[in-house]
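Hi,

Here is the structure I promised to pass on. Have a look at it first, and then read my notes below.

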Amino acid sequence: EDNNGPVIEINANTFVDEVINNKKDVFVLYYEDWDRIYQGLLPEYEELAKASTKNNLEFKKFNVATNDIVEGPDPQNTPSIYLFADGLKKEPIHYKGKLHKSNIADFIYNELEIRLEL
């Protein structure tokens with residue numbers, strides 16, 4: 001997986017370092033490659049990540065089909081998005097809104113007071 005883009009692919013081995021021990025706020029998209037909803041969401045998720053590069057917020061993705069979940073939530077459905085806010089890493093916030101970039105950006109603003117220019 002190419003990790004040079006705005007969204008970093010994480011796995012069971014890197015999850016703790018990339019999310020739990022990370023001093024930044026981290027958004028994690030739990031997904032399965034074959035999922036059409038995920039495939040439609042990914043370009044918008046990447047746009048959000050590009051818009052957040054100047055903020056204390058990172059965007060990651062975690063393939064539940066190829067990784068065991070060793071830490072963090074075990075989503076019942078994919079795609080699922082969780083916010084691991086700094087200081088609250090053990091209690092991530094499950095995003096339950098529409099899987100659209102403007103709705104996700106509103107959620108980020110409401111939770112972190114970070115406004116993303118889309």
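Before the notes, one term: when I say two residues are in contact, I mean that they have heavy atoms within 4.5 Å. Please also keep in mind that this is a predicted model.

Let's start with the overall layout. You'll find 3 helices and 5 strands in the chain, and from the N terminus on they come in the order β-α-β-α-β-β-β-α. The radius of gyration is 13 Å, close to the 13 Å that the globule rule gives for 118 residues, so the chain is as compact as a globular protein of that length. If you want a feel for the dimensions, the C-alpha atoms fill a box of roughly 35 × 30 × 30 Å along the principal axes.

Buried residues make up 43% of the 118. Of the contacts with a separation of 6 or more, 70% are between residues 24 or more positions apart. As for the outside, the accessible surface is about 6,800 Å², and carbon and sulfur atoms account for 42% of that. The chain carries 13 positive and 22 negative charges, whose mean positions lie 5 Å apart.

Now for the inside. In soluble globular proteins, nonpolar side chains tend to be buried together. Here the largest nonpolar core has 23 residues, and those touching the most other members are Phe27, Leu57, Phe59, Ile81, Ile104 and Ile108. At least two residues each come from strand E2 (25–31), helix H2 (36–51), E3, E4 and helix H3 (101–112). The biggest contributor is H2, with 6 residues. There is also another core, apart from this one, with 10 residues that include Phe15, Val19, Tyr30 and Phe62.

Which residues does isoleucine 81 contact, leaving aside its neighbours within four places in sequence? They are Phe27, Val28, Leu29, Leu41, Tyr45, Ile93, His94, Tyr95, Leu99 and Ile104.

One more spot to click on is proline 79, in the loop between strand E3 (57–63) and strand E4 (80–84). Is proline 79 buried or exposed? Its relative accessibility is 10%, and buried means under 20%, so proline 79 counts as buried. Beyond its neighbours within four places in sequence, proline 79 is in contact with Leu29, Tyr30, Asp35, Ile37, Tyr38, Leu41 and Leu99. Threonine 66 is 13 residues away from proline 79 in sequence, and their C-alpha atoms are 14 Å apart in space.

Have fun exploring!

Key: Residues are numbered from 1 along each chain as its sequence is written. This is a predicted model: local features need pLDDT of at least 70, side-chain atom pairs count only at pLDDT 80 or more; totals for chains, interfaces and linings use all residues. Side-chain values use heavy atoms; hydrogens and water are left out. Helices (H or I, at least four residues) and strands (E, at least two) are DSSP runs, numbered from the N terminus. The radius of gyration is taken over C-alpha atoms; the globule rule is 2.2 Å times the number of residues to the power 0.38. Buried means under 20% relative accessible area, exposed over 50%, partly exposed in between (1.4 Å probe, protein chains only). Accessible areas come from the Shrake-Rupley method with a 1.4 Å probe; for residues, only the protein chains shown count as cover. Lys and Arg count as positive and Asp and Glu as negative; His and the chain ends are not counted. The place of a charge is taken as NZ of Lys, CZ of Arg, CG of Asp or CD of Glu. A nonpolar core is a set of buried Ala, Val, Leu, Ile, Met, Phe, Trp, Tyr and Cys residues joined through side-chain atoms within 4.5 Å.
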